[in-house]
Each structure stands twice: as structure tokens, then as C-alpha cells.
Amino acid sequence: MSYLQTSVVSHAARVRRLYKEGLRQLQSYYYFRHLYRYHAILLRQRFDEHKDEMDMVKAKKLLTAGEDELFLKSHPQPFKFPNSPGGVAYGREPIFPDWALDMWHPLERAQYPEYFARREQRKKEYIERWEKKYGKAEPEAH
């Protein structure tokens, strides 16, 4: 969870986040699937023991105790998916600007006629929507 809370998060949402992060931590600790599944079942059992807790004071104490335990037992090098933020491949693929397709040679465009026909149609629709919303652009005086 972040340091600065910017929105209200319900108790149930915090419990779900705690459970999901607990599973991610288990995934970091146990590489082999059978070990991970065993410990995931034990974690689920711990959550299921208190799922029908009606006393919100006790439920809040259980939640904060669980968050503290997760913090204390967090893996020093948690598993990250490669393309996720913090992963080894995050941000590797460059995002090419849309105008780069306008620079293609006509022979290159001829290889994808349906795509470029649809693209030209959508560009015209976009310009029409923009002019309808903001008006025609005034030509610059030099």
C-alpha cells in the first residue's frame, strides 16, 4: 500500500489485497509449484478461519496484524513479471508515434491497403470531430 492514501478503501478490499499480496509473496519464496500450492492452501485456511467475523474491531485488528506480518515476512527479492513495472523488460518496447506511419513510402503502404484505407478514414473522422468541438484552426500568419 502506498504512503499517501488518496481514496477510501473498504475493509473487504483491503482483505482481498492482503490475500493477493500474500500469494505473490509465497510465489517469491516457493519456486516449485507443489510447494507453492501447499502454502497457498495453508494461507487460504488462515483467511477462511476468520471470514465470518462480525466484530469489526476484531476484524480490523486481524487485518492490521496480517498487514504487519506480510511486511515482516516479505521477500527480499520479490518475483516481478517481466513486462510489469519493476520487471526486467518493463518499458523496453518503444512506443512509436502515430505520425511515423504517415512517412511510409507508397510502395510500403500498398502492402497493407485495407489498414491504410481505414486509417485515412479514421483520420478524417478525427479531424471532423475536432473541428466540430473546437472550430477550424486558423492559419498562422508569417
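## The largest pocket

Let's start with the largest pocket, which has 30 residues in its lining; Leu 18, Leu 43, Arg 46, Phe 47 and Gly 66 are the ones that lie nearest its centre. Keep in mind as you look around that this is a predicted model. The volume of the largest pocket comes to about 1,000 Å³.

Which helices supply the lining of the largest pocket? At least two residues each come from α1 (11-29), α2 (33-49) and α3 (56-72). Of the contributors, α1 gives the most, with 10 residues. If you sort the lining residues by character, you get 16 nonpolar, 6 polar and 8 charged.

## A network of salt bridges

Now let's turn to charged side chains. Side chains of opposite charge can pair when their charged atoms come close. The structure holds 12 salt bridges. Some of them join up: Asp 98, Asp 102, Arg 109, Arg 119, Glu 120 and Lys 123 are linked in a network.

One good place to begin is Arg 119, whose side chain meets that of Asp 98 in a salt bridge, at 2.8 Å from N to O. Arg 119 belongs to helix α5, while Asp 98 sits in the loop between α3 and α4 (106-109), so this pair ties together parts that are 21 residues apart in sequence. Are these two partners buried or exposed? Arg 119 counts as buried because its relative accessibility is 8%, under the 20% cut-off. Asp 98 is partly exposed, with a relative accessible area of 48%.

## Asp 102 and its partners

Asp 102 also forms a salt bridge with Arg 119, and here the closest N and O atoms are 2.7 Å apart. This pair, too, links distant parts of the chain: Asp 102 is in the loop between α3 and α4, Arg 119 is in helix α5, and 17 residues separate them.

Which other side chain does Asp 102 meet in a salt bridge? The partner is Arg 109, with an N to O distance of 4.0 Å. Arg 109 is partly exposed, its relative accessible area being 22%. Asp 102 also counts as partly exposed, at 31% relative accessibility.

## A nonpolar patch on the surface

Next, take a look at the surface around helix α5, which spans residues 113-134 and holds Trp 130. Trp 130 takes part in a nonpolar surface patch, made together with Tyr 126, Ile 127 and Tyr 134. The patch covers about 470 Å². How accessible is Trp 130, and what does it count as? The relative accessibility of Trp 130 is 37%, so this residue counts as partly exposed.

## Trp 104 in the loop

Another tryptophan to find is Trp 104, which lies in the loop between α3 and α4. With 31% relative accessibility, Trp 104 counts as partly exposed.

Finally, try tracing the chain between Gly 91 and Trp 104. How many residues apart are they in sequence, and how many Å apart in space? The two are 13 residues apart in sequence, and their C-alpha atoms are 25 Å apart in space.

Terms used
Residues numbered from 1 in each chain as written. Predicted model: local features only at pLDDT ≥ 70, side-chain atom pairs only at ≥ 80, totals over all residues. Heavy atoms only, no water. 1 Å grid on protein atoms, 1.4 Å probe; cavity = no way out; pocket = protein on both sides within 12 Å on 5 of 7 lines; lining within 4 Å. Points joined across faces, edges and corners; volume = space filled by probe spheres on them. Helix = DSSP H or I, 4+ residues; strand = E, 2+ residues; numbered from the N terminus. Nonpolar A, V, L, I, M, F, W, Y, C, P; charged D, E, K, R; others polar. Patch = residues over 30% accessible without salt bridge, like charges linked within 9 Å, V, L, I, M, F, W, Y side chains within 5 Å. Areas by Shrake-Rupley, 256 points an atom, 1.4 Å probe, with all protein chains shown as cover. Buried < 20%, exposed > 50% of the residue type's maximum accessible area, 1.4 Å probe, protein only.
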